[in-house]
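Colleague: Could you take a close look at one part of this model for me, the cysteines, and then add a couple of buried spots for context?

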Amino acid sequence: MTEAVRQIVGVVSTYDPGADVALIERCFDFAADRHAGQRRRSGEPYVVHPVGVARIISDLRLDVPSVCAGLLHDCVEDTSATAEDIGRLFGQEIQFLVEGVTKLGQIPWTTREERQAENFRKMLLAMARDIRVILIKLADRVDNMRTLQYMSRDKQERISSETLEIYAPLANRLGIQWMKIELEDLAFRYVEPQAYADLLAKMTETAEAREAYIAEVVAKLKAVLEEAEIPAQVSGRAKHLWSIFQKIRKTGRDVEQIHDVIAFRVIVDSVRDCYGTLGIVHSNWTPIPGRFKDFIALPKPNLYQSLHTTVIGPRSDRMEVQIRTQEMHRIADQGIAAHWRYKEKIPIGAADGQAFAWLRQLMEWQRDLKDPTEFIETVKIDLFQDEVFVFTPKGDVKALPKGSTPIDFAYAIHSKVGDSCSGARINGLIVPLRYVLKNGDTIDILTSPNQKPSKDWLKFVATSRAKTKIRHFIRTEQRERSRQMGHDLLARELRKRGFGLATMERDGRVDEAATRLHVGEAEDLLVAVGYGRLTVEQAANAIAPGIDLDSANGVSGAPTPPETPLPGLRRVAKRAVGGIRVQGEADILVKFAKCCSPVPGDPIIGFISRGHGVVIHAPDCERAMALDPARRLEVSWDDESKTLRPVTVEVHADDRPGLLALLSRAFTEGGVNISQAKCRTSEDGKAVNTFQVAVTHVDQLKNVIRTIQSIEGVVSAARR
C-alpha cells in the first residue's frame, strides 16, 4: 500500500471512525494489479490517477463505497475487469457506483451534439438515482484537469471548454465551491492561455502589497470583533483568476482598475453573531448601497448560506466581506456532499426542501424535451444563472434567474398560469410583461382564458422552464396547422382519384401507408405532407387502392420508402450546396440562417422550410430552438468543399497607435479576408474593433483569434 493510500485511509478514519479501511486497501490492491503496466501521458503509473480521485473523494468526506468506487472507476473501461468482478469481490453497492461512473466516462463529448446531449441525460438520471455518482465523476474531472499539461493543445482546449460549460457549473450547483473555483482556474489556463499568463503575472507582481493590505484589514477586523466580544475566525484572499478575468472582460477594464479583487471571510459561532458582525463592519467602514446580500434568510438553491456586503475599506479600496457560521462554511465548502441524506440512501426524489429542487427540475426537462440538442442547451443556460428572490401575494419566496419577467414567474407557479398570463401587478402596480423582476418584488399574475403564449415572449423570458413551455405550445400549434394543411391537400388529391380520406382513415389504409412510408402513424403522415417532408402524390399513392407500390419503387417483395430521401425539397446541381450535405445528399437546396451564421467546423442542424429548402442553424440558436423538431434533418459539412462563410470578430483593446495595422496583419497572415471593419473608442482610452470576415473553417478562425490575443494591448478577442 502506497503512502497516498495510507493518507486516504487516515482521512476517512477521521470523519468515519468505524470505516471498513480494509475494504479500501483491497480495492487499491485490485486496481494496482489490473492497471499494472499502464502509464499516463505524464509517464507516471496509471494507478496514480484513481488514487488521486479517491483522495479528492475522501476530501469531500464521502463514505467508504464512494472512495472504493474512485479507486476502481477505470477498471471496467480500461482493464480486463468486468462490473460483475467488482460486484463479486467488493459488493453490489460499489459495482453500481463504478458502473454509473463508467457510463459517464464514455460520454463522447467530441461527437455530434445530439449524442452528447443524450449522454448528458444519462448523467442526470444517474444523479437522480444516487448523487454519489456525479460527485465521483467531478472528482475524476478535477484530477484529470490537474494533469492536463501533458495532453495535446486540441485536447486541452476541448476538455477545458467542457469543464467550463458543464462540470464547473455543476460543481457550483451542487454547492462545492472549492471544486468550482479549481476547475475554472485550471480550464482558464488552457482556454485563454495568453490572458491567463498576463493576469497571473500581474497578480504575482502585486502579491506583496496585497498580502500587506489583507494583514492590515484582518488585524482591524479581529480587533473590533474582540472589542464587541464576538469570537471569530477572520481571513482574506484574492478572488480566483477566472472570476477576475470575467470581471475584466465584462467591464473592459484592466486588473489595476478592478477594485474588489479581495474578499474577506468572517466565521462566527451563531446566526446572531453573523448579523452582529455585519453591524460592526458597517459601523467601521461605509457600505456600498445595493451590494448587501442576505443568503442566510434566503439561502441559495445549492444550500449556500452567508451574508455578503461590500464596503469602502482602508485606503479607500472596495472590499467584500462574507460572514457565516462554522456549519454554513462547511456546507459552502462541501455543498451537497455535506448533506446527510446520501448516507441514509434516501432517493433524491424524497421531500428535501429546495436543496434538490434544481435537480428535480432537470429531471422534468429530460422527460419533456424530446429534442436532445435543445435539452443540453436548456441545461447549460440554467447552470450559469444567478438568482433573484421574489414573493407571491401570500408571502412565499420564489428564486428565479436574474433577468426574469412576470411570465417566468407565472410558469414557475404552474404551466397553466403561464399559458394564460395576460398581465402582472408588481408591488400593487400594473407592469408590462417585459418588466425585469427585482429582489423583493411581490408579484400578482393576471390571467385570461383567451390569452395564449406568444412567440414574442421567447425574446424576453429568462427561465428554461418558461422557454420550454412556450416552445411546446408554439410547436403544438404549428403541428396542428401542418396536420390540417396535410389533411386538406390529401383529401383534395384523393377526391380527384375517386376516393374519400375519411373512408380511408376508417379502413386503416392511412395507418398502413404511414407504416409503409416510415413516418409513424396516420396523423404523422398528414403532418409530413403539411410540412413538405412527403409530397401529396406520394402519400396518395401509398393510400389509394390499385397502386402497385412495389413496382413504383422498383423493388420486389416488401415495399420500401421513396428513393428520394427528401421528397418535396428542390434539387440543384450535383455538388454540395453551400458546402452542406443533407442526409448524405449533396444536391439539396440549402440556406444559411442569418441569426446564427455557422461556419464550417461548427456543429449544425437543418430544418425544412417552405420555399427555402433546408435552413441551416447552429444548435444553440434561439430561433432554431423555437422550431418544431419534426422538421429537423440530419446535415453535415462537406469536407471537400472550401466554402467561405461570413463571421464577426470583436476585439477589445487599449487605444494606441499602430494597433489597427497589427490586427489587419493578423487576419492577413491567417489567410482571412476582411470585408468590413468598424472601429470606435471610449472615453477611458479603450478601443472596440468589429471585423466582418470570411473563413473556410472554424479552426482557421480560432488560429487568427489566438494570434490577435497575443498582440500587446489586446484585452479580449472573440467571435460574436
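Modeller: Let's fix a term before anything else: buried means under 20% relative accessible area, exposed means over 50%, and partly exposed is in between, using a 1.4 Å probe and protein chains only. This is a predicted model, where local features need pLDDT of at least 70, side-chain atom pairs count only at pLDDT 80 or more, and totals for chains, interfaces and linings use all residues. Residues are numbered from 1 along each chain as its sequence is written, and side-chain values use heavy atoms, with hydrogens and water left out.

Now the cysteines. A disulfide is a covalent bond between the sulfur atoms of two cysteines; here one is called when a pair of cysteine sulfur atoms lies within 2.5 Å. That rule gives zero disulfides. For cysteine 27, the closest cysteine sulfur belongs to cysteine 68 and sits 3.5 Å away, so it is too far for a bond. Cysteine 27 is buried, at 0% relative accessibility, and cysteine 68 is buried at 0% too.

On to the other spots. Glutamine 700 is in helix H29 (residues 698–709), helices being DSSP runs of H or I with at least four residues, strands runs of E with at least two, both numbered from the N terminus. Glutamine 700 is buried at 17%. Leaving out neighbours within four places in sequence, glutamine 700 contacts Gly670, Gly671, Val672 and Val695, where contact means heavy atoms within 4.5 Å.

Serine 716 belongs to strand S21 (residues 714–719) and is buried as well, at 13%. Setting aside residues up to four places away in sequence, serine 716 touches Arg249, Glu650, Val651 and His652.
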